[in-house]
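Colleague: I am new to this structure and would be grateful for a close look at one part of it, namely its paired charges.

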Amino acid sequence: MTTATLTAVPQASSAANRRAVALWLLGVALLVFLMAMVGAATRLTESGLSMVRWEPLTVIPPITEAQWQAELDAYRASPQYQQVNRGMSLAEFQEIYWWEFAHRQLGRFIGLAYALPLLAFALARRIPEGYGPRLFGLLALGGLQGAIGWWMVASGLVDEPAVSHYRLATHLSVALILFGGLLWTALDLLDTRTTTDSRKLRSLSAVMLGLLGLQIVFGAFVAGLDAGFAFNTWPLMGDRFMPLGTFGATWWHDLHSNPVTVQFIHRLLAYLLFGHGLILAWRAWTLGDETLRSWAVALVGILTLQMVLGIATVMLGVPVALGTAHQGGAVALLGVTLVLMHRVWHPAAR
Ligand code: HEM
């Protein structure tokens with residue numbers, strides 16, 4: 001049976017079907033949000049390299065003493081054990097193992113929470129007309145994300161006991177594209193329209209999304225290079241706004257691989273994003289649409305919270321809880337930006 005035959009259905013565009021599919025997509029988006037936070041905690045507790053094999057179909061953790069010992073033995077061959085955790089006890093190993101195990105299991109659970117209802121909706125011919133390719137495309141992207149996760153982990157299992165920050169940025173970006181795709185599709189189905197039609201607001205919201213995307217990539221660079229530890233002062237970095245040596249002769253390399261430069265750019269983009277977010281919210285507020293106003297307030301609230309979380313993360317030396325909350329804040333900010341953007345990009349016909 002092809003995607004087209006599964007989705008070409010008589011009652012496909014009924015309101016009830018659209019609502020059911022939208023609610024399911026929102027539920028999966030929520031799981032992806034949770035997954036991003038578990039992913040951040042996994043990285044911040046330095047647990048991500050504890051499982052040195054990729055066995056996508058294994059769902060049972062080690063149980064017996066012998067099984068645990070075998071996992072630890074496999075880990076002992078990794079650069080992280082050799083260079084960072086030499087002599088680690090089984091109890092200490094289990095602690096980091098559980099984080100990575102939870103991250104992988106949650107990934108599998110999300111895969112099932114998406115694939116099974118998708119199949120059920122398709123077989124019951126309840127996928128609204130025109131949405132089949134998009135829904136199956138999101139399934140493929142989810143599968144790709146699992147493979148990217150392993151590609152990222154694999155970069156930390158040879159020579160250096162750390163994953164490539166480019167691969168970390170790819171993994172985070174695809175997670176957020178998935179989150180955005182789920183949310184946007186749900187909003188399309190729920191048909192959330194505003195009566196306001198402002199070209200200016202459309203451009204402002206698109207620029208907001210672009211800046212946010214860039215900021216998230218730089219956030220992943222900060223995380224992947226441990227650049228949060230480069231300076232723990234704010235608003236200055238040490239005693240300067242821009243530390244000496246931020247851009248050297250190899251400025252192009254500094255731009256994406258020097259921890260000091262990367263932290264500096266992440267701060268700069270945050271100020272830009274904050275200023276731009278305030279202008280966008282103000283503009284949305286003045287249009288007079290009540291729901292849009294609520295989302296404008298939500299945008300300012302989450303943006304402010306995200307700034308405070310980032311600053312606290314830097315100043316307190318990247319504690320696990322704050323780093324995790326900062327990652328969650330980025331996803332929430334993306335969510336609010338997309339909802340606002342969706343409303344202004346899909347005005348109701350007057
Ligand atoms: C709207 C503003 C901001 C957004 C959207 C944002 C987003 C992000 C994202 C997505 C990450 C990656 C997290 C991860 O991969 O675990 C990150 C990391 C980080 N951000 Fe921000 N950030 C913002 C503002 C700030 C500010 C103002 C600061 C400090 C002045 C800051 C400091 C950090 C630090 C230190 C990390 C690394 C934390 C770690 O190692 O887990 N951020 N940010």
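Colleague: To begin with one residue, does R293 count as buried, exposed or partly exposed?

Modeller: The model is predicted, so local features need pLDDT of at least 70 and side-chain atom pairs count only at pLDDT 80 or more, while totals for chains, interfaces and linings use all residues. Residues are numbered from 1 along each chain as its sequence is written, and side-chain values use heavy atoms, with hydrogens and water left out.

R293 counts as partly exposed, at 22% relative accessibility. Here buried means under 20% relative accessible area, exposed over 50%, and partly exposed in between, with a 1.4 Å probe and protein chains only. The side chain of R293 meets that of E290 in a salt bridge of 3.9 Å, N to O. Such a bridge is a side-chain nitrogen of Lys or Arg within 4 Å of a carboxyl oxygen of Asp or Glu. E290 is exposed, with a relative accessible area of 54%. The two residues are three apart in helix α11 (residues 290–315), and are therefore separated by about one helical turn. Helices are DSSP runs of H or I with at least four residues, and strands are runs of E with at least two, numbered from the N terminus.

By this rule the count comes to six salt bridges. One of them joins R76 and D73, at 3.0 Å from N to O. Both residues belong to helix α3 (residues 65–76), three residues apart, or about one turn of the helix. R76 is partly exposed at 29% relative accessible area, and D73 is partly exposed at 40%.

Another salt bridge links the side chains of R134 and D188, again with a value of 3.0 Å, N to O. R134 lies in helix α6 (residues 132–154) and D188 in helix α7, so this pair ties together parts that are 54 residues apart in sequence. R134 is partly exposed, with a relative accessible area of 34%, whereas D188 counts as buried at 13%.

D254, in helix α9 (residues 251–257), presents another case. D254 is buried yet has no salt bridge, and the nearest side chain of opposite charge, R240, is 14 Å away. For charge, Lys and Arg count as positive and Asp and Glu as negative, while His and the chain ends are not counted. Leaving aside neighbours within four places in sequence, D254 is in contact (heavy atoms within 4.5 Å) with T246, F247, G248, T261 and V262.
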